[in-house]
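Welcome, and please open the structure below in your viewer. This tour goes from one selection to the next and tells you what is there.

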Amino acid sequence: MTDNNQTNQQANDPTTSNPHKALSIIRNTEEMQAQFAHMQMLSRSQPIVDWPTREAQLNNLETLLSDNQDSLAKAISADFGHRSVSETQFAELFPSFTGISHAKKHGKSWMKTRRASISPLYLPAHNEIQPQPLGVVGIMVPWNYPLYLAIGPMIDALAAGNRIMIKMSEAAPEFAETFAKKIAHYFSPDMISVVLGEVDIAEAFSKLPFDHLLYTGSTAVGKKIMAAAAPNLTPVTLELGGKSPVIILDDANLEAAVNRVMMGKTLNAGQTCIAPDYVLIQRQYHQRFIELAKEWMQKHYPNIANNPDYSHIINDDQFQRVQGYLEDLPNDVVQPLTDVAADAESRLLPPVVVTNPETDSEVMQNEIFAPVLPLMHYDTLDDAIGFINARPRPLALYIFGDNNRDIDKVRAHTVSGGVCINEVIMHVAQHDLPFGGVGHSGMGAYHGKAGFERLSHMKPVFVQSKLNGLNLLLPPYGELFKKGMALLLK
Ligand code: NAD
(Lines give C-alpha, C1' and ligand atoms only; values in the text may rest on other atoms or scores of the structure.)
Protein backbone atom coordinates (compact mmCIF):
# COMPACT_ATOMS: atom_id res chain seq x y z
CA MET A 1 0.00 0.00 0.00
CA THR A 2 1.03 3.54 0.58
CA ASP A 3 3.71 2.65 3.09
CA ASN A 4 5.64 1.30 0.11
CA ASN A 5 5.09 4.55 -1.73
CA GLN A 6 6.41 6.38 1.27
CA THR A 7 9.55 4.27 1.42
CA ASN A 8 10.07 4.69 -2.32
CA GLN A 9 9.69 8.43 -2.12
CA GLN A 10 12.22 8.64 0.67
CA ALA A 11 14.61 6.27 -1.10
CA ASN A 12 14.48 8.42 -4.24
CA ASP A 13 15.08 11.57 -2.29
CA PRO A 14 18.60 12.92 -2.95
CA THR A 15 18.20 15.31 -0.01
CA THR A 16 18.25 12.63 2.69
CA SER A 17 21.67 13.95 3.70
CA ASN A 18 19.87 17.12 4.88
CA PRO A 19 20.43 17.38 8.66
CA HIS A 20 16.74 18.16 9.24
CA LYS A 21 14.75 15.00 9.91
CA ALA A 22 11.53 15.55 8.01
CA LEU A 23 8.52 15.49 10.33
CA SER A 24 4.93 14.57 9.56
CA ILE A 25 3.52 15.93 12.81
CA ILE A 26 4.75 19.19 14.23
CA ARG A 27 4.02 20.60 17.66
CA ASN A 28 6.35 23.55 18.14
CA THR A 29 7.57 26.58 16.24
CA GLU A 30 11.22 25.53 15.87
CA GLU A 31 10.29 22.18 14.34
CA MET A 32 7.80 23.96 12.10
CA GLN A 33 10.37 26.44 10.78
CA ALA A 34 12.91 23.67 10.11
CA GLN A 35 10.32 21.52 8.36
CA PHE A 36 9.21 24.47 6.26
CA ALA A 37 12.80 25.17 5.17
CA HIS A 38 13.17 21.49 4.26
CA MET A 39 10.00 21.43 2.18
CA GLN A 40 10.83 24.73 0.53
CA MET A 41 14.27 23.40 -0.45
CA LEU A 42 12.68 20.24 -1.89
CA SER A 43 10.12 22.31 -3.81
CA ARG A 44 12.97 24.18 -5.50
CA SER A 45 15.21 21.17 -6.14
CA GLN A 46 12.48 18.66 -7.02
CA PRO A 47 9.38 20.43 -8.33
CA ILE A 48 6.56 17.97 -8.96
CA VAL A 49 6.15 18.41 -12.67
CA ASP A 50 4.65 15.10 -13.79
CA TRP A 51 1.06 13.91 -13.56
CA PRO A 52 1.69 10.35 -12.28
CA THR A 53 3.30 11.70 -9.08
CA ARG A 54 0.39 14.08 -8.50
CA GLU A 55 -2.13 11.35 -9.25
CA ALA A 56 -0.38 9.03 -6.78
CA GLN A 57 -0.76 11.68 -4.05
CA LEU A 58 -4.47 12.03 -4.84
CA ASN A 59 -4.79 8.24 -4.69
CA ASN A 60 -3.11 8.28 -1.28
CA LEU A 61 -5.61 10.84 -0.05
CA GLU A 62 -8.48 8.76 -1.36
CA THR A 63 -7.14 5.62 0.32
CA LEU A 64 -6.60 7.48 3.59
CA LEU A 65 -10.24 8.55 3.55
CA SER A 66 -11.74 5.24 2.54
CA ASP A 67 -9.66 3.28 5.06
CA ASN A 68 -10.45 5.61 7.97
CA GLN A 69 -13.96 6.98 7.48
CA ASP A 70 -15.23 5.69 10.81
CA SER A 71 -12.36 6.83 12.98
CA LEU A 72 -12.35 10.28 11.37
CA ALA A 73 -16.13 10.67 11.88
CA LYS A 74 -15.82 9.48 15.50
CA ALA A 75 -13.07 11.98 16.21
CA ILE A 76 -15.18 14.84 14.83
CA SER A 77 -18.12 13.71 16.93
CA ALA A 78 -15.95 13.63 20.05
CA ASP A 79 -14.95 17.26 19.43
CA PHE A 80 -18.55 18.40 18.99
CA GLY A 81 -19.89 16.49 21.99
CA HIS A 82 -22.03 14.95 19.30
CA ARG A 83 -21.76 15.34 15.52
CA SER A 84 -24.17 13.31 13.43
CA VAL A 85 -22.18 10.67 11.54
CA SER A 86 -24.62 11.00 8.63
CA GLU A 87 -23.79 14.72 8.44
CA THR A 88 -20.07 13.92 8.41
CA GLN A 89 -20.68 11.49 5.56
CA PHE A 90 -22.90 13.89 3.60
CA ALA A 91 -21.10 17.19 4.20
CA GLU A 92 -17.46 16.14 4.64
CA LEU A 93 -16.65 12.71 3.24
CA PHE A 94 -18.86 12.82 0.15
CA PRO A 95 -17.56 16.15 -1.26
CA SER A 96 -14.00 15.06 -0.39
CA PHE A 97 -14.32 11.85 -2.41
CA THR A 98 -16.02 13.54 -5.35
CA GLY A 99 -13.45 16.37 -5.26
CA ILE A 100 -10.62 13.85 -5.48
CA SER A 101 -12.30 11.99 -8.37
CA HIS A 102 -12.86 15.28 -10.21
CA ALA A 103 -9.20 16.28 -9.82
CA LYS A 104 -8.01 12.82 -10.90
CA LYS A 105 -10.25 12.97 -13.95
CA HIS A 106 -9.24 16.46 -15.09
CA GLY A 107 -5.88 17.20 -13.48
CA LYS A 108 -3.81 15.89 -16.36
CA SER A 109 -5.51 18.24 -18.81
CA TRP A 110 -5.48 21.20 -16.36
CA MET A 111 -1.69 20.95 -16.08
CA LYS A 112 -1.03 20.88 -19.83
CA THR A 113 0.79 23.81 -21.37
CA ARG A 114 -1.79 25.38 -23.67
CA ARG A 115 -1.69 27.80 -26.57
CA ALA A 116 -3.05 31.30 -25.95
CA SER A 117 -4.19 33.60 -28.74
CA ILE A 118 -1.85 36.23 -30.11
CA SER A 119 -2.30 39.56 -31.88
CA PRO A 120 -1.63 39.25 -35.65
CA LEU A 121 1.03 41.97 -35.24
CA TYR A 122 3.33 39.48 -33.49
CA LEU A 123 2.80 36.52 -35.83
CA PRO A 124 4.37 34.09 -36.54
CA ALA A 125 5.40 34.02 -32.85
CA HIS A 126 2.97 32.24 -30.52
CA ASN A 127 1.84 32.42 -26.88
CA GLU A 128 1.58 29.66 -24.32
CA ILE A 129 0.37 29.36 -20.74
CA GLN A 130 2.34 26.88 -18.66
CA PRO A 131 0.85 25.90 -15.27
CA GLN A 132 3.59 25.28 -12.70
CA PRO A 133 3.56 24.22 -9.05
CA LEU A 134 3.99 27.16 -6.69
CA GLY A 135 6.07 25.18 -4.18
CA VAL A 136 4.93 24.91 -0.56
CA VAL A 137 1.31 25.79 0.15
CA GLY A 138 0.14 26.57 3.70
CA ILE A 139 -3.41 25.59 4.63
CA MET A 140 -5.21 26.75 7.79
CA VAL A 141 -8.32 24.86 8.82
CA PRO A 142 -11.29 25.91 11.01
CA TRP A 143 -13.16 23.56 13.34
CA ASN A 144 -16.63 23.49 11.81
CA TYR A 145 -15.95 21.04 8.94
CA PRO A 146 -12.41 20.12 9.90
CA LEU A 147 -12.19 17.21 7.44
CA TYR A 148 -13.59 18.74 4.26
CA LEU A 149 -11.92 22.10 4.86
CA ALA A 150 -8.57 20.30 5.13
CA ILE A 151 -9.14 17.87 2.23
CA GLY A 152 -10.69 20.41 -0.20
CA PRO A 153 -7.64 22.73 -0.32
CA MET A 154 -5.29 19.72 -0.21
CA ILE A 155 -6.88 18.28 -3.37
CA ASP A 156 -6.22 21.50 -5.30
CA ALA A 157 -2.71 21.87 -3.87
CA LEU A 158 -1.74 18.26 -4.72
CA ALA A 159 -3.26 18.37 -8.21
CA ALA A 160 -1.22 21.53 -8.80
CA GLY A 161 1.98 19.71 -7.74
CA ASN A 162 2.62 21.46 -4.43
CA ARG A 163 3.90 20.30 -1.07
CA ILE A 164 1.66 21.10 1.88
CA MET A 165 1.95 22.27 5.47
CA ILE A 166 -1.41 22.26 7.16
CA LYS A 167 -2.43 23.82 10.50
CA MET A 168 -5.41 22.11 12.12
CA SER A 169 -7.81 23.94 14.41
CA GLU A 170 -7.10 23.85 18.13
CA ALA A 171 -10.89 23.91 18.67
CA ALA A 172 -11.22 20.39 17.20
CA PRO A 173 -8.22 18.69 18.90
CA GLU A 174 -9.40 15.08 18.75
CA PHE A 175 -9.88 15.29 15.01
CA ALA A 176 -6.61 17.20 14.56
CA GLU A 177 -4.63 14.42 16.32
CA THR A 178 -6.40 11.63 14.44
CA PHE A 179 -5.97 13.33 11.08
CA ALA A 180 -2.30 14.10 11.70
CA LYS A 181 -1.58 10.45 12.53
CA LYS A 182 -3.33 9.30 9.35
CA ILE A 183 -1.41 11.78 7.21
CA ALA A 184 1.84 10.58 8.80
CA HIS A 185 0.91 7.03 7.90
CA TYR A 186 -0.13 7.63 4.28
CA PHE A 187 2.19 10.44 3.15
CA SER A 188 5.88 11.16 3.15
CA PRO A 189 6.75 14.17 5.36
CA ASP A 190 8.48 15.54 2.28
CA MET A 191 4.99 15.99 0.79
CA ILE A 192 2.65 16.85 3.67
CA SER A 193 3.19 17.76 7.28
CA VAL A 194 0.57 18.65 9.86
CA VAL A 195 0.98 21.35 12.49
CA LEU A 196 -0.88 20.94 15.79
CA GLY A 197 -1.24 23.36 18.65
CA GLU A 198 -2.80 26.54 19.93
CA VAL A 199 -3.16 30.04 18.54
CA ASP A 200 0.49 30.96 19.22
CA ILE A 201 1.72 28.33 16.73
CA ALA A 202 -1.08 29.36 14.32
CA GLU A 203 0.29 32.90 14.42
CA ALA A 204 3.83 31.68 13.73
CA PHE A 205 2.46 29.47 10.92
CA SER A 206 0.83 32.46 9.20
CA LYS A 207 4.21 34.24 9.20
CA LEU A 208 6.02 31.51 7.24
CA PRO A 209 7.03 32.56 3.71
CA PHE A 210 4.73 30.10 1.94
CA ASP A 211 4.34 30.24 -1.81
CA HIS A 212 0.61 30.55 -1.10
CA LEU A 213 -1.43 30.54 2.10
CA LEU A 214 -5.02 29.34 1.98
CA TYR A 215 -6.84 30.26 5.16
CA THR A 216 -10.39 29.28 6.10
CA GLY A 217 -11.89 30.90 9.18
CA SER A 218 -13.40 34.04 10.59
CA THR A 219 -13.15 37.48 8.99
CA ALA A 220 -11.55 38.89 12.16
CA VAL A 221 -8.68 36.37 12.10
CA GLY A 222 -8.52 36.63 8.29
CA LYS A 223 -7.35 40.24 8.68
CA LYS A 224 -4.54 39.08 10.97
CA ILE A 225 -3.54 36.39 8.48
CA MET A 226 -3.27 38.90 5.66
CA ALA A 227 -1.18 41.22 7.85
CA ALA A 228 1.11 38.33 8.86
CA ALA A 229 1.55 37.28 5.21
CA ALA A 230 2.27 40.81 3.96
CA PRO A 231 5.96 41.15 4.98
CA ASN A 232 6.77 38.03 2.90
CA LEU A 233 4.43 39.06 0.06
CA THR A 234 2.84 35.65 0.52
CA PRO A 235 -0.24 35.48 -1.70
CA VAL A 236 -3.34 34.58 0.29
CA THR A 237 -6.67 33.00 -0.40
CA LEU A 238 -9.02 33.95 2.42
CA GLU A 239 -12.13 31.84 2.82
CA LEU A 240 -14.01 33.84 5.44
CA GLY A 241 -17.47 34.07 6.97
CA GLY A 242 -20.21 36.63 7.46
CA LYS A 243 -23.96 36.86 7.25
CA SER A 244 -25.44 35.03 4.26
CA PRO A 245 -29.00 36.25 3.63
CA VAL A 246 -32.03 34.53 2.15
CA ILE A 247 -34.57 36.58 0.18
CA ILE A 248 -38.01 35.02 -0.08
CA LEU A 249 -39.81 36.69 -2.97
CA ASP A 250 -43.55 37.19 -2.70
CA ASP A 251 -44.35 34.47 -5.27
CA ALA A 252 -42.10 31.82 -3.67
CA ASN A 253 -43.47 28.41 -2.77
CA LEU A 254 -43.17 29.02 0.97
CA GLU A 255 -43.24 25.38 1.95
CA ALA A 256 -40.38 24.57 -0.44
CA ALA A 257 -38.41 27.61 0.79
CA VAL A 258 -38.87 26.66 4.46
CA ASN A 259 -37.78 23.11 3.66
CA ARG A 260 -34.47 24.22 2.18
CA VAL A 261 -33.78 27.09 4.61
CA MET A 262 -34.38 24.82 7.60
CA MET A 263 -32.14 22.14 6.09
CA GLY A 264 -29.37 24.74 5.77
CA LYS A 265 -29.90 26.16 9.25
CA THR A 266 -29.99 22.83 11.06
CA LEU A 267 -27.14 21.10 9.19
CA ASN A 268 -24.27 20.85 11.72
CA ALA A 269 -26.56 22.88 14.04
CA GLY A 270 -26.06 25.99 11.92
CA GLN A 271 -22.25 25.87 12.25
CA THR A 272 -21.76 26.19 8.50
CA CYS A 273 -20.06 29.17 6.84
CA ILE A 274 -22.70 29.26 4.10
CA ALA A 275 -25.69 28.46 6.33
CA PRO A 276 -28.57 30.85 5.72
CA ASP A 277 -27.86 33.47 8.40
CA TYR A 278 -31.14 35.42 8.27
CA VAL A 279 -34.25 35.56 6.08
CA LEU A 280 -35.72 38.63 4.40
CA ILE A 281 -39.46 37.98 4.15
CA GLN A 282 -42.60 40.05 3.74
CA ARG A 283 -44.57 40.53 6.96
CA GLN A 284 -47.69 38.68 5.72
CA TYR A 285 -45.73 35.40 5.28
CA HIS A 286 -43.92 35.59 8.60
CA GLN A 287 -46.35 33.60 10.76
CA ARG A 288 -46.83 30.92 8.11
CA PHE A 289 -43.04 30.55 7.84
CA ILE A 290 -42.85 29.82 11.58
CA GLU A 291 -45.71 27.29 11.46
CA LEU A 292 -44.07 25.49 8.54
CA ALA A 293 -40.68 25.55 10.28
CA LYS A 294 -42.18 23.95 13.42
CA GLU A 295 -43.81 21.24 11.29
CA TRP A 296 -40.51 20.72 9.51
CA MET A 297 -38.67 20.23 12.79
CA GLN A 298 -41.28 17.75 13.98
CA LYS A 299 -40.93 15.76 10.77
CA HIS A 300 -37.14 15.83 10.34
CA TYR A 301 -35.83 16.04 13.92
CA PRO A 302 -38.46 14.42 16.18
CA ASN A 303 -37.35 14.08 19.80
CA ILE A 304 -34.48 16.48 19.26
CA ALA A 305 -33.18 16.00 22.82
CA ASN A 306 -31.99 12.54 21.83
CA ASN A 307 -31.81 12.65 18.09
CA PRO A 308 -28.57 11.21 16.62
CA ASP A 309 -29.10 13.23 13.43
CA TYR A 310 -28.81 16.58 15.25
CA SER A 311 -25.33 17.92 16.01
CA HIS A 312 -24.25 19.86 19.09
CA ILE A 313 -22.36 23.13 19.52
CA ILE A 314 -18.58 22.73 19.37
CA ASN A 315 -17.62 24.20 22.76
CA ASP A 316 -18.79 26.21 25.77
CA ASP A 317 -17.50 29.51 24.39
CA GLN A 318 -19.54 29.13 21.22
CA PHE A 319 -22.61 27.99 23.18
CA GLN A 320 -22.37 30.95 25.57
CA ARG A 321 -21.79 33.37 22.69
CA VAL A 322 -25.07 32.38 21.04
CA GLN A 323 -26.99 32.24 24.32
CA GLY A 324 -25.71 35.76 24.96
CA TYR A 325 -27.15 36.94 21.64
CA LEU A 326 -30.54 35.48 22.58
CA GLU A 327 -30.51 36.86 26.14
CA ASP A 328 -29.92 40.37 24.76
CA LEU A 329 -33.21 40.20 22.82
CA PRO A 330 -36.68 40.99 24.20
CA ASN A 331 -38.33 37.67 25.20
CA ASP A 332 -41.25 37.97 22.82
CA VAL A 333 -39.10 38.03 19.68
CA VAL A 334 -37.48 34.62 20.28
CA GLN A 335 -39.70 31.73 19.15
CA PRO A 336 -38.52 28.16 19.74
CA LEU A 337 -39.29 25.74 16.91
CA THR A 338 -39.37 22.73 19.25
CA ASP A 339 -40.48 22.27 22.85
CA VAL A 340 -37.00 21.27 24.01
CA ALA A 341 -34.88 23.85 25.84
CA ALA A 342 -31.21 24.50 25.18
CA ASP A 343 -28.91 22.45 27.40
CA ALA A 344 -25.59 24.02 28.36
CA GLU A 345 -24.07 20.79 29.66
CA SER A 346 -24.45 18.79 26.45
CA ARG A 347 -24.35 21.97 24.30
CA LEU A 348 -27.62 21.04 22.61
CA LEU A 349 -29.17 24.09 20.97
CA PRO A 350 -32.54 23.41 19.32
CA PRO A 351 -33.40 25.90 16.59
CA VAL A 352 -35.24 29.16 17.28
CA VAL A 353 -36.62 31.92 15.09
CA VAL A 354 -36.10 35.58 15.99
CA THR A 355 -38.82 37.98 14.82
CA ASN A 356 -37.60 41.13 13.12
CA PRO A 357 -34.85 42.01 15.63
CA GLU A 358 -33.31 45.48 15.78
CA THR A 359 -30.55 45.80 13.22
CA ASP A 360 -28.11 46.86 15.95
CA SER A 361 -28.79 43.70 18.02
CA GLU A 362 -25.92 41.23 18.41
CA VAL A 363 -27.81 38.67 16.37
CA MET A 364 -27.89 41.04 13.38
CA GLN A 365 -24.43 42.52 13.91
CA ASN A 366 -22.53 39.21 13.99
CA GLU A 367 -22.38 36.03 11.95
CA ILE A 368 -24.71 33.74 13.93
CA PHE A 369 -23.10 30.35 13.20
CA ALA A 370 -25.78 28.50 15.17
CA PRO A 371 -29.43 27.38 14.68
CA VAL A 372 -30.88 30.85 15.31
CA LEU A 373 -32.83 32.31 12.40
CA PRO A 374 -33.86 35.99 12.31
CA LEU A 375 -36.83 36.75 10.03
CA MET A 376 -36.39 40.35 8.85
CA HIS A 377 -39.42 42.06 7.32
CA TYR A 378 -39.23 43.94 4.06
CA ASP A 379 -41.83 45.83 2.07
CA THR A 380 -40.45 46.17 -1.46
CA LEU A 381 -37.81 44.22 -3.33
CA ASP A 382 -35.73 47.40 -3.55
CA ASP A 383 -35.80 47.61 0.27
CA ALA A 384 -34.57 44.03 0.56
CA ILE A 385 -31.76 44.62 -1.94
CA GLY A 386 -30.86 47.87 -0.17
CA PHE A 387 -30.71 46.03 3.18
CA ILE A 388 -28.16 43.57 1.77
CA ASN A 389 -26.13 46.22 0.01
CA ALA A 390 -25.87 48.35 3.16
CA ARG A 391 -23.91 45.51 4.79
CA PRO A 392 -20.60 43.72 4.06
CA ARG A 393 -20.64 41.53 0.94
CA PRO A 394 -22.03 38.12 1.97
CA LEU A 395 -20.33 34.77 1.35
CA ALA A 396 -23.58 33.35 -0.06
CA LEU A 397 -26.98 34.69 -1.07
CA TYR A 398 -30.09 32.60 -1.45
CA ILE A 399 -33.12 33.62 -3.51
CA PHE A 400 -36.44 31.79 -3.37
CA GLY A 401 -39.13 32.67 -5.90
CA ASP A 402 -40.66 31.98 -9.27
CA ASN A 403 -40.50 35.27 -11.10
CA ASN A 404 -37.36 35.37 -13.19
CA ARG A 405 -37.43 39.16 -13.51
CA ASP A 406 -37.24 39.58 -9.72
CA ILE A 407 -34.65 36.83 -9.36
CA ASP A 408 -32.52 38.45 -12.06
CA LYS A 409 -32.89 41.81 -10.35
CA VAL A 410 -31.56 40.43 -7.06
CA ARG A 411 -28.70 38.66 -8.86
CA ALA A 412 -27.74 41.77 -10.80
CA HIS A 413 -27.99 44.25 -7.92
CA THR A 414 -26.22 42.33 -5.16
CA VAL A 415 -22.63 41.06 -4.93
CA SER A 416 -21.92 37.91 -2.93
CA GLY A 417 -19.36 35.09 -2.99
CA GLY A 418 -21.91 32.71 -4.51
CA VAL A 419 -25.64 32.36 -5.12
CA CYS A 420 -28.20 29.56 -5.03
CA ILE A 421 -31.64 29.97 -6.54
CA ASN A 422 -34.42 28.01 -4.81
CA GLU A 423 -31.73 26.17 -2.86
CA VAL A 424 -29.12 26.73 -0.17
CA ILE A 425 -25.51 25.56 0.28
CA MET A 426 -25.34 23.28 -2.77
CA HIS A 427 -23.13 25.64 -4.78
CA VAL A 428 -20.20 24.63 -2.53
CA ALA A 429 -20.45 21.03 -3.75
CA GLN A 430 -20.12 21.95 -7.45
CA HIS A 431 -16.57 21.13 -8.46
CA ASP A 432 -17.06 23.04 -11.71
CA LEU A 433 -17.86 26.29 -9.86
CA PRO A 434 -15.21 28.40 -8.10
CA PHE A 435 -15.96 28.73 -4.38
CA GLY A 436 -14.98 31.79 -2.36
CA GLY A 437 -16.06 35.08 -0.87
CA VAL A 438 -15.85 38.71 -1.89
CA GLY A 439 -14.97 41.75 0.21
CA HIS A 440 -15.30 40.90 3.90
CA SER A 441 -16.37 37.32 3.11
CA GLY A 442 -13.05 36.52 1.48
CA MET A 443 -10.69 36.81 -1.45
CA GLY A 444 -9.81 34.29 -4.12
CA ALA A 445 -11.70 31.11 -4.94
CA TYR A 446 -10.82 27.44 -5.12
CA HIS A 447 -12.32 23.99 -5.96
CA GLY A 448 -11.81 22.15 -9.24
CA LYS A 449 -10.06 23.97 -12.05
CA ALA A 450 -10.30 27.33 -10.25
CA GLY A 451 -8.46 25.82 -7.26
CA PHE A 452 -5.86 24.20 -9.48
CA GLU A 453 -5.15 27.54 -11.15
CA ARG A 454 -5.20 29.41 -7.83
CA LEU A 455 -2.46 27.13 -6.47
CA SER A 456 -0.42 27.05 -9.70
CA HIS A 457 1.67 29.70 -11.34
CA MET A 458 -0.05 30.17 -14.70
CA LYS A 459 3.14 31.20 -16.43
CA PRO A 460 2.83 33.17 -19.66
CA VAL A 461 5.42 32.24 -22.29
CA PHE A 462 6.01 34.14 -25.55
CA VAL A 463 7.74 31.96 -28.17
CA GLN A 464 9.45 34.02 -30.88
CA SER A 465 9.78 32.79 -34.43
CA LYS A 466 13.04 32.93 -36.37
CA LEU A 467 11.21 35.09 -38.86
CA ASN A 468 9.74 38.18 -37.24
CA GLY A 469 9.31 41.89 -37.81
CA LEU A 470 10.47 43.21 -34.41
CA ASN A 471 13.94 44.06 -35.74
CA LEU A 472 12.26 46.75 -37.83
CA LEU A 473 11.50 48.60 -34.59
CA LEU A 474 15.12 49.02 -33.47
CA PRO A 475 16.88 52.39 -33.18
CA PRO A 476 18.00 54.51 -34.83
CA TYR A 477 14.32 55.22 -35.45
CA GLY A 478 14.14 56.14 -39.12
CA GLU A 479 11.43 56.77 -41.69
CA LEU A 480 10.23 53.17 -41.73
CA PHE A 481 9.73 53.21 -37.95
CA LYS A 482 7.83 56.49 -38.09
CA LYS A 483 5.48 55.24 -40.79
CA GLY A 484 4.96 51.99 -38.90
CA MET A 485 4.17 53.82 -35.64
CA ALA A 486 1.82 56.21 -37.41
CA LEU A 487 -0.15 53.19 -38.61
CA LEU A 488 -0.10 51.46 -35.21
CA LEU A 489 -1.12 54.54 -33.24
CA LYS A 490 -3.96 55.53 -35.54
P1 NAD B 1 -10.96 31.05 13.37
O2 NAD B 1 -10.67 32.19 12.46
O3 NAD B 1 -11.08 31.31 14.82
O4 NAD B 1 -9.85 29.89 13.24
C5 NAD B 1 -9.45 29.34 12.01
C6 NAD B 1 -7.98 29.00 12.06
O7 NAD B 1 -7.25 30.16 12.37
C8 NAD B 1 -7.59 27.95 13.10
O9 NAD B 1 -6.75 27.00 12.48
C10 NAD B 1 -6.84 28.72 14.16
O11 NAD B 1 -5.77 27.97 14.69
C12 NAD B 1 -6.29 29.90 13.40
N13 NAD B 1 -6.15 31.11 14.20
C14 NAD B 1 -6.95 31.56 15.20
N15 NAD B 1 -6.49 32.74 15.68
C16 NAD B 1 -5.40 33.04 14.96
C17 NAD B 1 -4.47 34.15 14.94
N18 NAD B 1 -4.61 35.17 15.79
N19 NAD B 1 -3.46 34.13 14.05
C20 NAD B 1 -3.32 33.11 13.18
N21 NAD B 1 -4.16 32.06 13.15
C22 NAD B 1 -5.17 32.03 14.03
O23 NAD B 1 -12.27 30.42 12.75
P24 NAD B 1 -13.14 29.27 13.34
O25 NAD B 1 -13.85 29.77 14.56
O26 NAD B 1 -12.33 28.04 13.43
O27 NAD B 1 -14.22 29.05 12.17
C28 NAD B 1 -15.40 29.75 12.08
C29 NAD B 1 -15.34 30.84 11.05
O30 NAD B 1 -14.83 30.31 9.83
C31 NAD B 1 -16.70 31.40 10.70
O32 NAD B 1 -16.60 32.79 10.55
C33 NAD B 1 -17.04 30.75 9.37
O34 NAD B 1 -17.95 31.46 8.58
C35 NAD B 1 -15.69 30.68 8.75
N36 NAD B 1 -15.66 29.63 7.75
C37 NAD B 1 -15.53 29.98 6.45
C38 NAD B 1 -15.55 28.99 5.47
C39 NAD B 1 -15.41 29.32 4.01
O40 NAD B 1 -15.21 28.39 3.23
N41 NAD B 1 -15.49 30.58 3.60
C42 NAD B 1 -15.71 27.66 5.85
C43 NAD B 1 -15.83 27.35 7.19
C44 NAD B 1 -15.80 28.34 8.14
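## Stop one: the largest cavity

Start by selecting α4, the helix that gives the lining of the largest cavity its largest share, five residues. Keep in mind as you go that this is a predicted model.

Now add α5 (148-159) to your selection, since α4 (85-110) and α5 each supply at least two residues of this lining. To see the full wall, select Pro95, Gly99, His102, Ala103, Trp110, Tyr148, Gly152, Ile155, Asp156, His431, His447 and Gly448. The space they line is about 80 Å³. Colour the wall by residue class and you will find five nonpolar residues, six polar and one charged.

How can empty space be found among the atoms at all? Rolling a probe the size of a water molecule over the atoms shows where such space is left.

## Stop two: the second largest cavity

How many cavities of 30 Å³ or more does the structure hold? There are three, and the next to visit is the second largest, with a volume of about 40 Å³. Select Leu149, Thr216, Glu239, Leu240, Cys273, Leu395, Phe435 and Tyr446 to show its lining. Here the classes divide into six nonpolar, one polar and one charged.

Try colouring by domain at this point. Domain 1 (4-240 + 444-459) and domain 2 (245-436) each give at least three residues to the lining of this second cavity.

## Stop three: the ligand

Next, select the ligand and show the residues around it. Which of its 28 surrounding residues come nearest? They are Val141, Glu170, Tyr215, Leu240 and Glu367. Leu240 may look familiar, as it is also among the residues that line the second largest cavity.

Zoom in on the polar atoms now:

- At valine 141, a backbone N or O atom lies 2.8 Å from an oxygen atom of the ligand.
- At tryptophan 143, a polar side-chain atom is 2.9 Å from an oxygen atom of the ligand.
- At glutamate 239, a polar backbone atom sits 3.4 Å from a nitrogen atom of the ligand.

Switch on a surface to see how the ligand is covered: taken alone it exposes 840 Å², and the protein buries 92% of that.

## Stop four: the largest pocket

Move on to Trp143, Tyr215, Gly217, Ser218 and Val221, which lie nearest the centre of the largest pocket among its 36 lining residues. The volume of this pocket is about 900 Å³.

Which elements should you highlight around the largest pocket, each supplying at least two lining residues? Pick α7 (199-206), β7 (212-216), α8 (219-229) and α11 (316-327). By class, the wall has 17 nonpolar, ten polar and nine charged residues. With the domain colours still on, look for both: domain 1 and domain 2 each contribute at least three residues to this lining.

## Stop five: the second largest pocket

The last stop is the second largest pocket, which holds about 420 Å³ of space. Select Gly242, Lys243, Gln365, Glu367 and Pro392, the closest to its centre of the 21 residues that line it. Two elements give two or more residues to this lining, α8 and α12 (362-365), and α8 gives the most, with three residues.

A final colouring by class shows seven nonpolar, nine polar and five charged residues in the lining of the second largest pocket. Here too, domain 1 and domain 2 each provide at least three residues.

Conventions:
Residues numbered from 1 in each chain as written. Predicted model: local features only at pLDDT ≥ 70, side-chain atom pairs only at ≥ 80, totals over all residues. Heavy atoms only, no water. 1 Å grid on protein atoms, 1.4 Å probe; cavity = no way out; pocket = protein on both sides within 12 Å on 5 of 7 lines; lining within 4 Å. Points joined across faces, edges and corners; volume = space filled by probe spheres on them. Helix = DSSP H or I, 4+ residues; strand = E, 2+ residues; numbered from the N terminus. Nonpolar A, V, L, I, M, F, W, Y, C, P; charged D, E, K, R; others polar. Domains from an automatic or database assignment. Near = heavy atom within 4 Å. Polar contact = N/O pair within 3.5 Å; in protein donor to acceptor, adjacent residues only side chain to side chain. Areas by Shrake-Rupley, 256 points an atom, 1.4 Å probe, with all protein chains shown as cover.
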